[in-house]
Amino acid sequence: MISLNGSSLLSNTGISTSFSQSRRNVPSSPSIVMVAQSNNNPNRKEKKIGAVSSNGSTTSAAVNEIKEIDCKSTIASGGVQDFYGEDQATEDQLVTPWTTSVASGYSLLRDPHHNKGLAFSEKERDAHYLRGLLPPTVVSQDIQVKKMMHNMRQYKVPLQRYMAMMDLQNMNERLFYKVLINNVEELLPVVYTPTVGEACQKYGSIFRRPQGLYISLKEKGKILEVLKNWPEKNIQVIVVTDGERILGLGDLGCQGMGIPVGKLALYTALGGIRPSASLPVTIDVGTNNEALLKDDFYIGLRQKRATGQEYSELLDEFMSAVKQVYGEKVLIQFEDFANHNAFELLAKYRKTHLVFNDDIQGTASVVLAGIVSALKLVGGTLAEHTFLFLGAGEAGTGIAELIALEMSKQTKAPIEETRKKIWLVDSKGLIVKSRKESLQHFKEPWAHDHEPIRNLLDAVKSIKPTVLIGSSGVGQTFTKEVVEAMSSFNEVIAVSQLYLHLHLHLHLYLFDEADIGAYNDMQKPVILALSNPTSQSECTAEQAYSWSNGRAIFASGSPFDPVEFNDRVFVSGQANNAYIFPGFGLGLIMSGAIRVHDDMLLAASEALAAEVSQENYDNGLIYPPFSDIRKISAQIAAKVAAKAYELGLATRLPQPLNLVQYAESCMYSPDYRSYR
């Protein structure tokens, strides 16, 4: 018998404390040693305090040690001996949360890592004391998946579906991932964007069971001990947030935990990382959200956000403790930190830790892949296009920098030159040199020579971009006038190029109708409305297609339904980070990489773009379907791992001969295991 500790206590709520019932769950041992543990002792030292024989009798030593419990006292309803003294204790007296250490019987059905529900076989039901605890029927995992999806589709409110999936994850882990993997396109918007945004906003109200570690200012000086409270010891990926900039919803404080939980669910479902190897973490330094501070259901610290030295010291302690507990090769993914912290943390720790910021780097990689794909539809090279961003925060500047890097790689031009093809608009207008003194440091590389422009529409008319990218977090900013302007001058550009082409070809008597078709493609503006959730999207798919008269190549951060316009059905792509980060993380882990290099991000983009088929292009898509995401993740992982080996950053030697096959072999399978 072992006293419950940490997550074990949380996962065994409702388990009977009667030893005479639970002793049957360990038939192979003639006796069971009872031990006491102190939750306050980081060394987890155990003290042997007595023994119980296989027939349930106790030694006198055991009785004397357990604070002189009167073993004759009984539970009123059944006459079971009260070994732990819980039933005779008053509410203000301390008792020890005892439980069995073997997952059998009632406890097995409440262990999400091993529970199979009605899929337990007849043999397993006999071996693990499940007779009578389950209905007599035995069903397959496939039937369970079918039943879960049937029930899920009865819910009309997305948040209800989210809560049903979270309940399933807490009840039956393998079934949760089986359902998610088999129905990824339908359930991705449920477990992640856009529904996870609403879940975070209401996290205090829907909070049922903690997932992940909450590290607040109260734990300052004790973070190493807190990490040791987590039951899993072989952690490979940590997703951490401080909740200050959750999607486009702002400061949600401690309730931002929904983001790390959701990201890590996708790491497993899409990238094959074992659930036991992942750890969601929320750093709670308070919140500046007045509504949350006044909310009775808010689950975090009720104080304004800590900043400056206090904040830095807490993050330093966390990063140091993670390395001490989990080693050099644990991947730490920063998620939804505000701009002023995100860039600083990435720059600070990228030389000492294996760190990755999905908002800066993951978004950049997936958007670059979409742009590379879009070039197949609109023609030209990256360097021949002009890019205009609305939004100059983490996502905008991260995407811009990766595009400039890829341009530099392709043209051999200095990155300072390739940046000049990229323009950014922030809340104060076009970023130009005359504003340089007042700019934040991460915006300075994008301050080009140009007269000041205050709004997006005027910037579009002046810059005449061929690619418009929204990363502002503000909805409906790509107005009808903006989209129409994008369409009009892209048509003019295309026609002028067509005349030049016609002149050359007519002179050589080589012109045919195929040339017109090729140059009609040049009339297509690329419009990427990336902000999440759906309510914050810069424009909808319907608006992009109708305002551009069906010419736009459109993708968004959140999913949109197909659009019918002018007797055509347009299916828009989703520039979802979930295309990149699961495979990217798998590539880092399977190669044993110790640092993240920008070339790895370029490799991931190239791998994703290569997965777009001609059929996808014919439908106007610039991203492949999510139904193939595990195969896509394996390809991305292989390219990232290959780059890690090439750069000398990999530690798992020798390098596998076939990295794609190796990636697939490393992936977690949610299929049930058979128990002895």
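**Exercise 1. Describe the setting of Asp359: its element, its accessibility and its partners.**

Step 1. Asp359 belongs to helix α17, residues 358-378; helices are DSSP runs of H or I with at least four residues, strands are runs of E with at least two, and both are numbered from the N terminus. This is a predicted model, in which local features need pLDDT of at least 70 and side-chain atom pairs count only at pLDDT 80 or more, while totals for chains, interfaces and linings use all residues. Residues are numbered from 1 along each chain as its sequence is written, and side-chain values use heavy atoms, with hydrogens and water left out.

Step 2. Asp359 counts as buried because its relative accessibility is 8%; buried means under 20% relative accessible area, exposed over 50%, and partly exposed in between, with a 1.4 Å probe and protein chains only.

Step 3. The side chains of Asp359 and Arg245 are joined by a polar contact of 3.2 Å. Such a contact is a pair of N or O atoms within 3.5 Å; within protein, one must be able to donate a hydrogen and the other to accept it, and residues adjacent in sequence count only if both atoms are side-chain atoms.

Step 4. Leaving aside residues up to four places away in sequence, Asp359 touches Arg245, Phe334, Glu335, Asp336, Phe337, Glu394 and Ala395, where contact means heavy atoms within 4.5 Å.

**Exercise 2. Determine how helices α18 and α25 are arranged and which residues make the contact.**

Step 1. The axes of α18 (residues 394-411) and α25 (residues 598-609) come within 11 Å and cross at roughly 85 degrees. Axes are lines fitted to C-alpha atoms, for helices over the stretch in contact, and angles run from 0 to 180 degrees between N-to-C directions.

Step 2. The two helices α18 and α25 are therefore roughly perpendicular; this class covers 65 to 115 degrees, whereas angles under 35 count as roughly parallel, over 145 as roughly antiparallel and the rest as oblique.

Step 3. From α18, the contact involves Leu402, Leu405, Glu406 and Lys409; from α25, it involves Asp598, Leu601, Leu602, Ser605 and Glu606.

**Exercise 3. Classify the aromatic pairs of Phe120 and of Phe176.**

Step 1. The structure holds 13 aromatic pairs. Rings of Phe, Tyr and Trp (its six-membered ring) pair if their centres lie within 6.5 Å; planes under 30 degrees apart count as stacked, over 60 as edge-to-face and the rest as tilted.

Step 2. Phe120 and Tyr675 form a tilted pair, with 6.1 Å centre to centre and 45 degrees between the planes. This pair links distant parts of the chain, 555 residues apart: Phe120 is in the loop between α4 (105-109) and α5 (122-127), and Tyr675 is in the segment after α28 (659-666). Phe120 counts as buried because its relative accessibility is 0%.

Step 3. Phe176 and Tyr177 form an edge-to-face pair, with 4.8 Å centre to centre and 80 degrees between the planes. Both Phe176 and Tyr177 are buried.

**Exercise 4. Locate His113 and identify its contacts.**

Step 1. His113 lies in the loop between α4 and α5. With 37% relative accessibility, His113 counts as partly exposed.

Step 2. Not counting residues up to four places away in sequence, His113 touches Glu173, Glu232 and Tyr675. With Glu173, His113 forms a side-chain polar contact of 3.3 Å.

Step 3. The C-alpha atoms of His113 and Leu175 are separated by 9.9 Å, although these residues are 62 apart along the chain.

**Exercise 5. Identify backbone features at Pro533, Pro654, Lys464 and Asp567.**

Step 1. The peptide bond from Asn532 to Pro533 is cis, with omega near -10 degrees, and Pro533 is in the loop between β14 (526-529) and α23 (541-547).

Step 2. The bond from Leu653 to Pro654 is also cis, with omega near 0 degrees; Pro654 is in the loop between α27 (629-646) and α28.

Step 3. Lys464, which is not a glycine, has a positive phi of about 55 degrees. This residue, Lys464, is in the loop between α20 (456-463) and β13 (467-470) and counts as partly exposed at 42% relative accessibility.

Step 4. Asp567 has a positive phi near 65 degrees and is a residue other than glycine. Asp567 is in the loop between β16 (563-565) and β17 (568-570) and counts as exposed at 79% relative accessibility.
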